[in-house]
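Here are some notes for a colleague who is coming to this structure without earlier acquaintance. Please read them with the sequence and the 3D view side by side.

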Amino acid sequence: MTNSNFLHMCCYRRFLIVFILVLGGLTAFESNAQLLVGPRFGAQMGWVSLNRDVDKGFLNSPMTPGFYGGAAMMMRVRERFYLHSELLYAQNRQRITGEFDKQLESELTNHMIELPISFKVNFESQIKNLKWQMFLGAGPNIKYWISGTSNLFSSELDEKGSGPMDYKVEYAELPADDVQPDRLYVEDANRIQLGVNAVFGFLFEPQAGNTIIVDFRFDYGHSFQARKDYGFYPDLIDYSEPMRSRFHAFKVGVAYLIDTNVASRNKGKSTLKVK
């Protein structure tokens, strides 16, 4: 097994352990607390903040659209307080453009598994017969970097008579020989990344046991994408991919949750109790 594969397995196991601990914690409370589960999906606008001053002077990172989807779990721990967790696949797209090299455009698409957790407080209201709640929340976000691809064009490629080039992220040091020309080499990548999220939104209950959530979230990435400053493209001199950078995103999402307590659903009354 290569060092890259070994590190991949170690990161994957760590993320899996965290997920099992969170899921186990929710399961342990299920008998004493209301637990709702269901699908969730949404869209996002993401960008990277560059850490090095030299990158900030020469490069820009405009907002770029992406999407996510997966499963959500919400547990009522007290009358107005909820623990909300999700297991998502996310496509995080980030663009880099040049301040001086006007032809430079790099788009890195990262495929992630995300485990955001938020602690929410709900505020109840009512419009006619439709009961709804507004909520505010915050909490940590844990991500696992599965894989990535890059599309790059620059004045250097133009001078070589080449159009935009596609690359696949390789979690390894740029080798001295046996270089694969279609790889973006990222050494010491942070496959497990940490961040925080802040969220507010609205919760509707069209009928007992069924809950619709519409929310708006800001995800702030705390971890750099790699411990090294740059990822390297073979045979390119003028541009390397900034890796001492953090990914952030504004997100909007929708979730449809069902109460796991069948008896509560069959009562025909609201399961979202707020005093």
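1. A nonpolar core, as the term is used here, is a set of buried Ala, Val, Leu, Ile, Met, Phe, Trp, Tyr and Cys residues joined through side-chain atoms within 4.5 Å. The model is predicted, and its largest nonpolar core has 24 residues, with W145, L152, V169, L184, V186, Y233 and Y239 making the most contacts inside it.

2. The elements that give two or more residues to this core are strand 1 (34-50), strand 5 (105-127), strand 6 (130-153), strand 7 (165-170) and strand 13 (245-259). The largest share, 3 residues, comes from strand 6.

3. Leaving aside residues up to four places away in sequence, L152 touches L104, E105, S106, L157, G163, P164, M165, Y167, Y233, L236 and Y239. A second core, separate from the one described above, has 10 residues, among them L36, M74, F135 and I213.

4. E107 has its place in strand 5, and its C-alpha lies 4.4 Å from that of R95, although the two residues are 12 apart in sequence. With residues up to four places away in sequence not counted, E107 touches R93, Q94, R95, T149, S150 and N151, and the side chain of E107 makes a polar contact with the side chain of R93 at 2.6 Å.

5. Is T97, which is found in strand 4 (residues 81-98), buried or exposed? T97 counts as buried because its relative accessible area is 17%, and the cut-off for that label is under 20%. The residues that T97 touches, again not counting those up to four places away in sequence, are F58, L59, N60, P62, L104 and E105.

Note on methods
Residues numbered from 1 in each chain as written. Predicted model: local features only at pLDDT ≥ 70, side-chain atom pairs only at ≥ 80, totals over all residues. Heavy atoms only, no water. Buried < 20%, exposed > 50% of the residue type's maximum accessible area, 1.4 Å probe, protein only. Helix = DSSP H or I, 4+ residues; strand = E, 2+ residues; numbered from the N terminus. Contact = heavy atoms within 4.5 Å. Polar contact = N/O pair within 3.5 Å; in protein donor to acceptor, adjacent residues only side chain to side chain.
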